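Biologist: I'd like to learn how to read side-chain contacts in a model. Can you walk me through a few?

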Amino acid sequence: MSDEIELSPVDEELPMVWRVKKTADESIYGPVDANMLSEWANSAQIAPQDLIDMSDENWRPAPEIDFLGMLWLVKLPGDEIYGPTTVGALREFIQEGLINEKTGATHVKTNQSLPVAALFAAVEFEKKRALRRPPKESKKSTASLAVDMARDQRIRQLEEDLKELRREHESLIHKYRQLTLQMQENAKAAAAAAKKSA
């Protein structure tokens, strides 16, 4: 099953009709059912260049198969852009040391970028949230959830910045009042000194 929440659920009763043609050597794997195909995609066994068909010789690029969730581009060492691939494949890349949690991932449809760690957190949060909400709401994509989480984090940061600015503002007002009082006292003292000398 794909980590992508926006994808249609894979029917467990689907027949074994999916095949994969590896671009590197044109070897063909399958037929398998949709669940197994998703597992292959999430374990980085299906590359973006690989072709998929439904036993009908109508080969299509793997990222065109919606339920696989091959929606993320990532920069590998040497500035090579890889993808689109799945969230599961990105986890594999971290385990292999090809990327780290700070590496940015870009959604191919929304062009939204976020660190891989934030993407993983969004996926896990969405899985938990999907268990607690009505089915109608479960259509929200991981990308839009990640954007919501990033927005909420930005709002919290702005609120903290505002508190800090308010503290600075109050401190400056206090200093201004002290200086105003000091200037008034100095003016009175100067006027008194001027009267004495006159």
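Modeller: Here we go through ring pairs and then salt bridges, keeping in mind that this is a predicted model.

Biologist: How many aromatic pairs are there?

Modeller: The count is 2 aromatic pairs. In one of them, the planes of Trp18 and Phe67 sit at 75° with ring centres 5.2 Å apart, so that pair is edge-to-face; the cut-off for that label is over 60 degrees. Trp18 belongs to strand E1, while Phe67 is in the loop between strands E4 and E5, 49 residues apart. Both Trp18 and Phe67 are buried.

Biologist: And which residues pair up with Tyr82 in strand E6?

Modeller: Tyr82 pairs edge-to-face with Phe93, at 5.2 Å centre to centre and 75° between planes. Phe93 is in helix H2, 11 residues apart from Tyr82. Tyr82 and Phe93 are both buried.

Biologist: On to charges. Is Arg19 buried or exposed?

Modeller: Arg19 counts as buried because its relative accessibility is 15%, and the limit is under 20%. Its salt-bridge partner Glu57, at 2.8 Å N to O, counts as exposed at 56%. Salt bridges that share partners also join Arg19, Asp53 and Glu57 into one network.

Biologist: What does Arg91 do?

Modeller: Arg91 lies over the face of Phe120, 4.4 Å from the ring centre. Arg91 also meets Glu124 in a salt bridge of 3.1 Å, N to O. Glu124 is in helix H3 and Arg91 in helix H2, so this bridge ties together parts 33 residues apart in sequence.

Biologist: Where do Glu160 and Lys163 lie?

Modeller: Both are in helix H4, 3 residues apart, about one turn of the helix. Their salt bridge has its closest N and O atoms 3.8 Å apart.

Technical notes
Residues numbered from 1 in each chain as written. Predicted model: local features only at pLDDT ≥ 70, side-chain atom pairs only at ≥ 80, totals over all residues. Heavy atoms only, no water. Phe/Tyr/Trp six-rings, centres within 6.5 Å; stacked < 30°, edge-to-face > 60°. Helix = DSSP H or I, 4+ residues; strand = E, 2+ residues; numbered from the N terminus. Buried < 20%, exposed > 50% of the residue type's maximum accessible area, 1.4 Å probe, protein only. Lys NZ or Arg CZ within 6 Å of the ring centre and 35° of its normal. Salt bridge = Lys/Arg side-chain N within 4 Å of Asp/Glu carboxyl O.
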